[in-house]
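The following exercises ask the reader to interpret computed geometry step by step. Each task is followed by its worked solution.

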Amino acid sequence: MLGHLWLWVSEKPRVERLVTKSRLTKGIVNRFIAGDDLEDAIEVIRRLNTQGIGGILDLLGEGVKDPEGAQAATDDYLRAIKRVEETGVDTTISVKPTQLGLSFDKGQCIDHFRRIAAEATAIDMRVEIDIEQSEFVLDTLDVFRILQIDYPDIRQAIQAYLRRTPVDLETFAAVKPRIRLVKGAYAEPDELAFQKGSEIDNQFKFLIDWLFEKGTDPAIATHDSKLIDYARFAAVRTGAEKTDFEIQMLYGVRTKLQQELVEQGYRVRTYVPYGSAWYPYLMRRIAERPANLLFFLRTLVRG
Ligand code: FDA
């Protein structure tokens, strides 16, 4: 509830101006975001690689409203892929469909994705598609459905909090899809999304079982220990090895657990966001945890 309220408040332009202009927020920004530049993210991923953790490179930015913006984001991703090739870091790349123009031109968005997927595939790098607000879910799954014909390694994120997700997923059963399973990070109404933690967890577990049975190389993206344990047991139950699935977490969250899982022989990837458009991403991270919200508000008030 507090999280929903915070997401609503954070959409007010005055709040955005206050937060983005304040130097006081630097500490919390640095905790969750690798830096403004691609090189900052590459450096973080290089460090993660030395700990046995793979990266998921994410250029911050969403809700792009014009073709120039979508083209610019595509060019930035192509530059990032080139840089990954030059540095040899172990990372995938994760892209928000609205960054490539999904909200105004699905065809153009698919074209941009195709270019990114082609360049990434050429250097044996995987592409992942983020999932955003519910109004974009159907179009995003269409993009995935089309792309995975030519690029079967592409991975789609899906949200356990959406009531419709099991039905959507079932439509992909025949292709044994590569999926990243997340709880869901946006404020959605009760008609569309479970609101109670227990209900979201139940659906998350149902979807874990589905992915181990009918998916390919499932990625379980959560910091929730009980769901990670559930995935580990699902692997044992279905005869999967520790390396037959992936555990994904966010940069700056539960870093000790990430390391412990690697030491136990699991495959771990960390989502590493970079860029100057960090505001909505940071607000979602703050909304996820009351302690983050209190820390953040205290920082702003105390100065
Ligand atoms: P939950 O929020 O219940 O957290 C469990 C525990 O983890 C907490 O008790 C706390 O200890 C720790 N924790 C979680 N979040 C924290 C935070 N921000 N700060 C500090 N501690 C925290 N969502 C989406 O809608 N579309 C997407 O494409 C993606 N992509 C994505 C990729 C990856 C790799 C991850 C890990 C997550 C996403 N998400 C996402 C975000 C996801 O939907 C969800 O909002 C967050 O992962 C938080 O939910 P948890 O499953 O971690 O559980």
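**Exercise 1. Sequence separation of contacts and overall form**

Task: Determine what share of the contacts in the protein chain between residues at least 6 apart in sequence join residues at least 24 apart, and how many helices and strands the chain contains.

Solution. The model is a predicted one. Among its contacts between residues at least 6 apart in sequence, 75% join residues at least 24 apart. The secondary structure consists of 13 helices and eight strands. The radius of gyration is 18 Å, close to the 19 Å that the globule rule gives for 303 residues, so the protein chain is as compact as a globular protein of that length. Along the principal axes, the C-alpha atoms fill a box of roughly 55 × 40 × 40 Å. As for burial, 51% of the 303 residues count as buried.

**Exercise 2. Helix 1 and helix 12**

Task: Classify the packing of helix 1 against helix 12 by axis angle, and state which residues make the contact.

Solution. Two packed helices are described by the angle between their axes and the distance between the axes. For helix 1 (residues 2-10) and helix 12 (residues 279-287), the axes come within 9 Å and cross at roughly 160 degrees. Angles over 145 degrees count as roughly antiparallel, and helix 1 is therefore roughly antiparallel to helix 12. The crossing of these two helices is right-handed. Helix 1 contributes G3, W6, L7 and S10 to the contact, while helix 12 contributes Y279, M283, R284, I286 and A287. Sorted by class, the contact of helix 1 with helix 12 holds six nonpolar, two polar and one charged residues.

A further pair of residues can be added to the analysis. P290, which lies in helix 13 (residues 290-302), is 288 residues from L2 in sequence, yet the two are 7.6 Å apart in space, C-alpha to C-alpha. P290 is exposed, with a relative accessible area of 53%.

**Exercise 3. Helix 9 and helix 10**

Task: Apply the same procedure to helix 9 and helix 10: are they roughly parallel or roughly antiparallel?

Solution. The axes of helix 9 (residues 197-214) and helix 10 (residues 225-238) come within 10 Å, with a crossing angle of roughly 30 degrees. Since angles under 35 degrees count as roughly parallel, helix 9 is roughly parallel to helix 10. Helix 9 passes helix 10 in a right-handed crossing. On the side of helix 9 the contact is made by D201, F204, K205, I208, D209 and F212; on the side of helix 10 it is made by K226, L227, Y230, A231, A234, A235, R237 and T238. By class, the contact of helix 9 with helix 10 comprises eight nonpolar, one polar and five charged residues.

**Exercise 4. Positive phi outside glycine**

Task: For D124 and K176, state the phi angle, the location in the chain and the accessibility class.

Solution. Most residues other than glycine have a negative phi. D124 is not a glycine, although its phi is positive, at about 65 degrees. D124 is placed in the loop between helix 6 (106-122) and strand 3 (127-129). With a relative accessible area of 72%, D124 is exposed.

K176, likewise not a glycine, has a positive phi of about 45 degrees. Its place is in the loop between helix 8 (165-170) and strand 5 (178-182). The relative accessibility of K176 is 42%, and K176 therefore counts as partly exposed.

Conventions
Residues are numbered from 1 along each chain as its sequence is written. This is a predicted model: local features need pLDDT of at least 70, side-chain atom pairs count only at pLDDT 80 or more; totals for chains, interfaces and linings use all residues. Side-chain values use heavy atoms; hydrogens and water are left out. Axes are lines fitted to C-alpha atoms, for helices over the stretch in contact, and angles run from 0 to 180 degrees between N-to-C directions. Helices (H or I, at least four residues) and strands (E, at least two) are DSSP runs, numbered from the N terminus. Angles under 35 degrees count as roughly parallel, over 145 as roughly antiparallel, 65 to 115 as roughly perpendicular and the rest as oblique. A crossing is left-handed if the near helix is turned anticlockwise from the far one by less than a right angle, and right-handed if clockwise. Contact means heavy atoms within 4.5 Å. Ala, Val, Leu, Ile, Met, Phe, Trp, Tyr, Cys and Pro count as nonpolar, Asp, Glu, Lys and Arg as charged, and the others, Gly among them, as polar. The radius of gyration is taken over C-alpha atoms; the globule rule is 2.2 Å times the number of residues to the power 0.38. Buried means under 20% relative accessible area, exposed over 50%, partly exposed in between (1.4 Å probe, protein chains only).
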